[in-house]
Amino acid sequence: MDHTDFPGDLPRSTRRARRMRMVPLAALMVLTVTLFSVLVPIHATYYGTPVPVAIPLGAALCSAPLIALSGPRVAAVVFGVAALVLPLVTSASRDLSWPWPWSVPAMITFTVFVLVIATVHGWRIGLVSWAAPMAASLALPMIVPAVPASTAGPNLIVTASITGAALLVAVLLAGRIRVGEELNRERELTASEQARRILVEERTRIARELHDVVAHSTSLIQVQASTARYRIPDLAPEATAEFEEISQTARNSLTEMRRLLGVLRTEDDATELAPQQSIADIPALVEGIRRTGGEVEFSFSPPPDGLPPSLHIAAFRITQEALSNAVRHAPGAPIDLSVGTEGSAVALRVHNDEVAEGDATQPGARRSPSIAGLDGTVAATSGSGHGLRGMQERVSLLGGSLAVGPDPSGGWTVSAVLPFDDRDGRPE
């Protein structure tokens with residue numbers, strides 16, 4: 001079962017859009033019942049229409065706007081037939097001072113019908129749905145000659161004017177709604193493309209960093225294999241040839257990786273000549289934040305030597321992103337950072353307290369809740385969330401876990417566990 005099967009699991013914007021669509025529908029249903037409750041008694045009392053005939057004709061006339069929401073053609077036929085028959089079944093002895101062929105409730109129903117069908121389905125079907133009943137109404141005085149022209153003429157003019165104005169309003173409203181929907185689709189597409197672009201850039205950045213790490217290790221293999229004949233005395237010819245093959249394979253791998261790096265880099269992406277950051281650079285990162293006025297409590301336990309470079313880079317980048325988010329979204333709040341080793345894993349924890357009342361001088365100082373789990377699943381409900389996705393990508397590459405979310409004691413916590421093989425953490 002998909003998670004969207006439950007209304008509570010839908011995004012807030014989707015639930016809001018559904019509620020907004022339900023309001024006009026509910027209003028139209030109330031208006032339909034009201035018009036039916038007024039039209040049938042008036043036609044039965046003042047127009048002499050038999051009640052068994054007035055009820056189904058009134059129901060067909062008043063329900064046409066609701067039917068038009070999903071079936072415009074059926075609604076047009078139902079409304080046209082009811083609008084044509086209802087004036088014909090009036091009593092010949094009725095009071096001729098009452099409006100005819102369109103009674104006031106029928107005229108209001110006609111206006112609502114034109115508004116609905118033209119707004120929802122466009123001006124073409126709206127124009128047909130307006131013109132057909134009006135044309136039929138023009139023929140009614142010839143079919144019922146007992147009605148004086150002084151009664152039917154003004155009634156037809158007023159009806160045509162009101163419903164024609166309603167048609168024009170509906171066409172303009174439909175155009176405005178269509179433009180709004182197109183703008184919303186463009187915004188959603190732009191936001192989706194922006195999120196995808198940032199995620200791809202983060203993955204590309206991680207790939208470049210991993211490439212640099214692997215290239216460094218492969219270079220060492222190539223150098224060691226190439227110099228083995230000079231470093232190891234009395235090396236057998238078979239072993240020398242084997243080392244040469246290893247050296248050649250390493251050189252080929254380096255060539256392929258350089259070609260891959262050229263594909264990954266963009267035109268404005270300058271090559272980083274500085275060494276990649278490591279866990280040892282985190283204290284300097286903390287000092288930089290303190291120099292800008294940030295209050296950071298820092299607990300640092302150096303991990304064992306020999307950790308893989310990819311873990312060092314991931315630990316530094318995750319800490320950097322978490323600290324940046326804390327400074328950006330909770331300015332002035334104290335930050336607690338701890339870096340240490342738990343068993344065969346490096347554990348990172350960044351926690352910032354809530355912003356005190358009156359200290360939130362920047363928008364977004366108070367965080368909105370997000371959903372995060374120990375399995376590393378992160379779904380932010382506010383902000384872009386691209387930094388969280390980048391953290392998750394790095395943690396996933398190392399087989400670790402990431403937890404991001406509001407802390408029970410208040411504030412916000414980012415906790416990451418980056419495992420390493422015992423042999424990686426303890427040099428032989």
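Trainee: Which residue forms a salt bridge with E244?
Mentor: In this predicted model, the closest N and O atoms of the pair are 2.4 Å apart. E244 lies in helix α8 (residues 237-264) and its partner in helix α7 (residues 228-231), so the salt bridge ties together parts that are 15 residues apart in sequence. E244 is partly exposed at 29% relative accessibility, and the partner has a relative accessible area of 39%. The partner is R229.

Trainee: How many residues apart are E287 and R290 in helix α9?
Mentor: The two form a salt bridge, with the closest N and O atoms 2.9 Å apart. Both lie in helix α9 (residues 282-291), separated by about one helical turn. E287 is partly exposed at 36%, and R290 is partly exposed at 33%. Their separation is 3 residues.

Trainee: Which residues are linked with R349 in a network of salt bridges?
Mentor: R349 meets the side chain of D336 at 3.9 Å, N to O. R349 lies in strand β3 and D336 in strand β2 (residues 335-341), so the pair ties together parts that are 13 residues apart in sequence. The network also takes in a second Asp, so the residues linked with R349 are D336 and D407.

Trainee: What is the relative accessible area of D353?
Mentor: D353 sits in the loop between β3 (345-352) and β4 (371-372). With E295, E297 and E354, D353 forms a negative surface patch. Patch residues must have over 30% relative accessible area. D353 is partly exposed, and the value is 34%.

Definitions and conventions:
Residues are numbered from 1 along each chain as its sequence is written. This is a predicted model: local features need pLDDT of at least 70, side-chain atom pairs count only at pLDDT 80 or more; totals for chains, interfaces and linings use all residues. Side-chain values use heavy atoms; hydrogens and water are left out. Patches are made of residues with over 30% relative accessible area and no salt bridge: like charges are joined within 9 Å, nonpolar side chains (Val, Leu, Ile, Met, Phe, Trp, Tyr) within 5 Å. Accessible areas come from the Shrake-Rupley method with a 1.4 Å probe; for residues, only the protein chains shown count as cover. A salt bridge is a side-chain nitrogen of Lys or Arg within 4 Å of a carboxyl oxygen of Asp or Glu. Lys and Arg count as positive and Asp and Glu as negative; His and the chain ends are not counted. The place of a charge is taken as NZ of Lys, CZ of Arg, CG of Asp or CD of Glu. Helices (H or I, at least four residues) and strands (E, at least two) are DSSP runs, numbered from the N terminus. Buried means under 20% relative accessible area, exposed over 50%, partly exposed in between (1.4 Å probe, protein chains only).
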